[in-house]
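Here are some friendly notes to read alongside the model. Please keep the structure open as you go through the points.

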Amino acid sequence: MAGGRRIAGRPVPGPAIRGRPPGLRAPPYTAAVSGLAIGPYVPRPFGVHAADPRAPEVAAAVADLVTSALPHARVEHVGSTAIPGLPGKGVVDLMLVSPPDAVPTTADRLVRLGFQRQGGPDPWPPTRPMLVGSVEWRGRPYSIHLHVIPDTSEEVREHLDFRDALRADPRLRRDYAAEKRRLAAIENADWWTYSTGKDPWIDAALARMRPGGRPAGDEGGRRPAAPPGGPAGPRRPAAIPRSGRASAAEPEPVLPLESREPILPPATIGILGGGQLGRMLAMAGRAMGYRIAVLDPDPACPSAAVADRLVVGRYDDPAAAAELARGCAVVTYELEHVDAALVEAVRAAGVPVRPGLLALRVSQDRLAERRWVEAQGARVARWREVRSAAEARVALREVGLPARLKAPLGGYDGRSQVRIARESEVAEAWEALAGPPSSRDPRLPRAARPALLLEEELAFEAELSVVVARGPEGVSLAFPVARNVHDAGVLVESVAPAPVAPLAVAMARDLGERLAAALGVVGTLTVELFLLRDGSLVVNELAPRVHNSGHWTIEGCRTSQFAQHVRAICGLPLGSIEMNGCAATVNLLGTGRERPAVLLGMERALADPDVAVHLYDKRLVFARRKMGHVTAVAGSPEAALDRARAARARLAWSS
């Protein structure tokens, strides 16, 4: 593993490895990994190998295979291959966390799955074994190290810490890669000298990250050198420069760590934004005994009826934000289109803002978001920044048709973007989005003209989303992945668990947790994804908040996304995400002209006892306005969706 003094590069001699027991029958695999087989371990040649972008896919596939045999196992991708762009020994390291008394039986089941026990003169002990193997993925072999580590061991935290810190901090990645190359270049170097040679560097990194400046205990001298940033959270998240653009080269100043003491009821939670998301957050917080304060420009906003205190103010008014902060123990936001100055005003008042400023800055600027996501090694659609219609025409030849021209700031639910099907449509699209004519004067310097995002329109198999909750200590939980359907940019229905291949689900959850860690999120992060026909995933958007596509969790999970967000920002243990059944949500949109909102048919919709109707208390209804949603729970995703659609069809807005 990255930073593992015994894991990161210790050779596993081939002849000494015990193989699959004779006569073992192949285990039943899930559909997604039915063609995946664990083969004999093949040691990699010594050297620091370039990062392989497919390694996370391999890790997700092997983890899916392992959890198909051990459903309650927690499997983490660790080591250098878990860090985008980081060179290393080229072996995919996985960590399976197990209760100490279950370690031997877990190792036995992994052997039955095809893994081999580590051989050689100095293997890991049976109380903390390493199993090895290989898989073939997309036509090439990959070597696997699978470490079974007791959940009581400090090593678990260390590996996750270092992994997440490397993901979050480009400078740490760069320095670690340089140290790797330096050690590999030493005359007569081998895996042993390379691995042990990294120990002082890793210990120093750990010492900088631990309170008091010391690494955690070494468990009797057999601790693999650890990793800085997971359960303790990344100490230095990947930053963007003060201009608001994502960059890996210019980190923000490191702020002092916030207190990790839990925030307990009846403390007050402040919410920037009083729409339906703020309303449902407030309801979840009040159910747990918290007081709620809300900032919103509309005195009749949906949250007004459930808040203890409402501050009426604009989302760019620092004075209103400072007023909100008074008396609050923590502040969160329900939308990413609040001015960063508001967050700074709250923080200046000594109140933590969670999920955080970095997540807000990255997600509220589509150009910054694309740059940042790519810097994390994740894929986005082909895109270009353009500053004139002429630049857009040239970029179309690289991006392809059809494409989308989008304003980088503002806009949601399909707003502030125009679809371009033919090159002749560029001029009209540009006029619609580029602002007043004075700002589009070609005589202006390029940097003074408005920047727009031109992006490829992808042909996808499905739209997916994953909501990840992450607490102050870096512990994260990804909710089951949902499949979504949009109409003209507005979400109309979600179903969970997503009826797609399990491998796609595993990859989506892993990606969501990686991005949440890299942003240093405390709260929730929603990652919207496209599943392409070749099985790969493309990031569409990030939302550092609760999300419309997670509304099904209210009835569908033991802990809803709203209650989980409250737990996370208050430093409480995260709740169970076990599903109560398959769930589907259909949005209740407005129709027709603007008029007072009067809903008809509630008694008919609720004739199905497994249906719930949520209304957002918006006083006026008009076409395509989000007014509420309907959720159904059933035995299959298809049945849940049918019932939710049927209930929605019984509802109508009075004319």
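1. A word on terms before the sheets: two strands pair if DSSP finds at least two bridges between them. Helices (H or I, at least four residues) and strands (E, at least two) are DSSP runs, numbered from the N terminus. This is a predicted model, in which local features need pLDDT of at least 70 and side-chain atom pairs count only at pLDDT 80 or more, while totals for chains, interfaces and linings use all residues. Residues are numbered from 1 along each chain as its sequence is written, and side-chain values use heavy atoms, with hydrogens and water left out.

2. For the overall picture, the protein has 18 helices and 26 strands. Of its 655 residues, 57% are buried (under 20% relative accessible area; exposed is over 50% and partly exposed lies in between, with a 1.4 Å probe and protein chains only). Among contacts (heavy atoms within 4.5 Å) between residues at least 6 apart in sequence, 67% join residues at least 24 apart.

3. Now to the sheet that I would look at early on. Five strands form an open sheet in the order E1-E2-E5-E4-E3, with mixed pairing. Its edge strands, each pairing on one side only, are E1 (74-78) and E3 (116-117). E3 runs antiparallel to E4 (residues 130-137), and two bridges join them. Glutamine 116 stands opposite valine 132 in E4.

4. Two helices lie across this sheet. Helix H1 (residues 55-69) crosses E1, E2 (92-98), E4 and E5 (140-150), and runs at about 35° to E2. Helix H2 (residues 103-113) lies across E2, E3, E4 and E5, at about 165° to E5. For both angles, axes are lines fitted to C-alpha atoms, for helices over the stretch in contact, and angles run from 0 to 180 degrees between N-to-C directions.

5. A single residue to check is leucine 172, which sits in helix H4 (residues 170-184). Leucine 172 counts as buried because its relative accessibility is 12%. Its C-alpha atom is 8.8 Å from that of alanine 205, 33 residues apart along the chain.

6. Helix H16 (residues 561-569) is mostly covered, with eight of its nine residues buried. Among them are Phe562, His565, Val566 and Ile569. Just after H16, glycine 571 has a positive phi of about 75°.

7. Strand E25 deserves a close look: nine of its nine residues are buried, so it is largely enclosed by the rest of the structure. E20 runs antiparallel to E25 through eight bridges, with threonine 585 and threonine 631 as bridge partners. E23 is also antiparallel to E25, joined by five bridges, and here valine 611 is the bridge partner of alanine 632.

8. Which residues of H18 are buried? They are Pro637, Ala640, Leu641, Ala644, Ala647 and Arg648. Down the axis of H18, these buried residues fall within an arc of 130° (taken from the directions from the helix axis to the C-beta atoms), so they line one face of the helix. What covers them includes E16 (482-487), E17 (490-496), E20 (582-589), helix H17 (602-605), E23 (611-615) and E25 (626-634). H18 (residues 637-649) has 13 residues and reaches 18 Å from its first C-alpha to its last, close to the expected 18 Å (1.5 Å times one less than its number of residues).
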